[in-house]
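Dear colleague,

I am passing on the structure we spoke about, with the sequence alongside, so that you can have both open as you read. My notes on what was found follow directly below.

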Amino acid sequence: MLSRSGRDDYLQAILNQALAQVDWSRENFDAALKYFEKAVELDALPDEAHFSLMYQIAQLYFMKDRYQEAMDKLDLWFCKSPPEKITAEAYVLKAAIFARQENYPETLKAIDTAISMGDDPKEQWYQLKLASHYEMEQYPQAAQTLETIISRWPDKKVYWVQLSQIYYKLKQEEKALAVMALAYRRGMLDKQSDITFLSSLYSNVDVPYKAANVLEKGINDGVVEPTKNYWTVVADSWYAAEELEKSLAAYEKAGKASQDGKIDLRRGYILVDLERWPEALAALNAALEKGGMRQEKVGEAYLLRGMARFNLGRFDGASADWG
């Protein structure tokens, strides 16, 4: 049909447009681009169809990573189109092109315009805005954007974690904790990194009881690995919260996973303070058997074991330890 269209520019434009749409649907974008540009070049279509083709050409250049050409075509479309035909989606496309060109100030201008125009701005628009703030290290603005995102899509954990991390970066630790604690109460924190981050936030603001409770629950629920390091953090937090029994239980679990005697020595300190001599003796024996401690710690272990033996009436053993 195109070959028989003669000199009828309108018919040729219609046929080129149709061929372009066919190739677009088949993802033959090079061919689609050629036909679209020919249809526009003929300048024979009604204004609405003509402007629509210009916009599609800009989209095709963008899809083919030819960003400057995409921007040139889009700018031409903006100049030629009636104001009432310019949509929020067009500004989103403009923002996306600027983002690929790493021109983040212009990206923000375009995406903010799109958001202001849209009756129901899409999540992806805010993601583009957020990414631009990150790239420009505009963390307070990124926090504001995340607050808006959370108000619109409150069930997506990633935004809660991102907001908390930004507050932490801004040294607003209480806000960081409030966000993560609320996400925790909503049952959204399901990864080891989430739980350990929340526990550390509680420790940072001097709330060791909750730091220990959150981390220990994470271990018991199978979310956090039951490693020596994590059990040690639990034990240290319980100790800071003056929950000595819970601290001892956690230190015992940490000690079982440890190849050296450092953790058993910590348990020995507490048991000596509590004057629980048989348990103290067992813990200190384990510490000395495993070894791996600095020399001064080895000396402290012998001193404490001597105290335990003395209080258990084992005077010869106490004398040997102290000798």
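Two helices, H13 (228-240) and H15 (262-273), each supply at least two residues of the lining of the largest pocket, and H15 gives the most, with five residues. Please keep in mind throughout that this is a predicted model, and that the space in this pocket, about 210 Å³, is a computed value.

If you would like to find the pocket on screen, the residues that line it are Lys 228, Asn 229, Thr 232, Asp 260, Lys 262, Ile 263, Leu 265, Arg 266, Tyr 269, Met 293, Arg 294 and Lys 297. By character, this lining divides into six charged, four nonpolar and two polar residues.

The other finding concerns a pair of helices, H11 (residues 192-204) and H12 (residues 208-220), whose axes come within 8 Å and cross at roughly 165 degrees. Because angles over 145 degrees count as roughly antiparallel, H11 and H12 are therefore roughly antiparallel to each other, and the crossing in which H11 passes H12 is left-handed.

Where the two helices meet, H11 contributes Ile 195, Thr 196, Leu 198, Ser 199, Tyr 202 and Ser 203, while H12 contributes Lys 210, Ala 211, Val 214, Leu 215 and Gly 218. The residues of this contact divide into six nonpolar, four polar and one charged, whereas in the lining of the largest pocket six residues are charged and four are nonpolar.

With best wishes

Methods
Residues numbered from 1 in each chain as written. Predicted model: local features only at pLDDT ≥ 70, side-chain atom pairs only at ≥ 80, totals over all residues. Heavy atoms only, no water. 1 Å grid on protein atoms, 1.4 Å probe; cavity = no way out; pocket = protein on both sides within 12 Å on 5 of 7 lines; lining within 4 Å. Points joined across faces, edges and corners; volume = space filled by probe spheres on them. Helix = DSSP H or I, 4+ residues; strand = E, 2+ residues; numbered from the N terminus. Nonpolar A, V, L, I, M, F, W, Y, C, P; charged D, E, K, R; others polar. Axes fitted to C-alpha atoms, helices over the stretch in contact; angles between N-to-C directions. Parallel < 35°, antiparallel > 145°, perpendicular 65-115°, else oblique. Left-handed = near helix turned anticlockwise from the far one by under 90°. Contact = heavy atoms within 4.5 Å.
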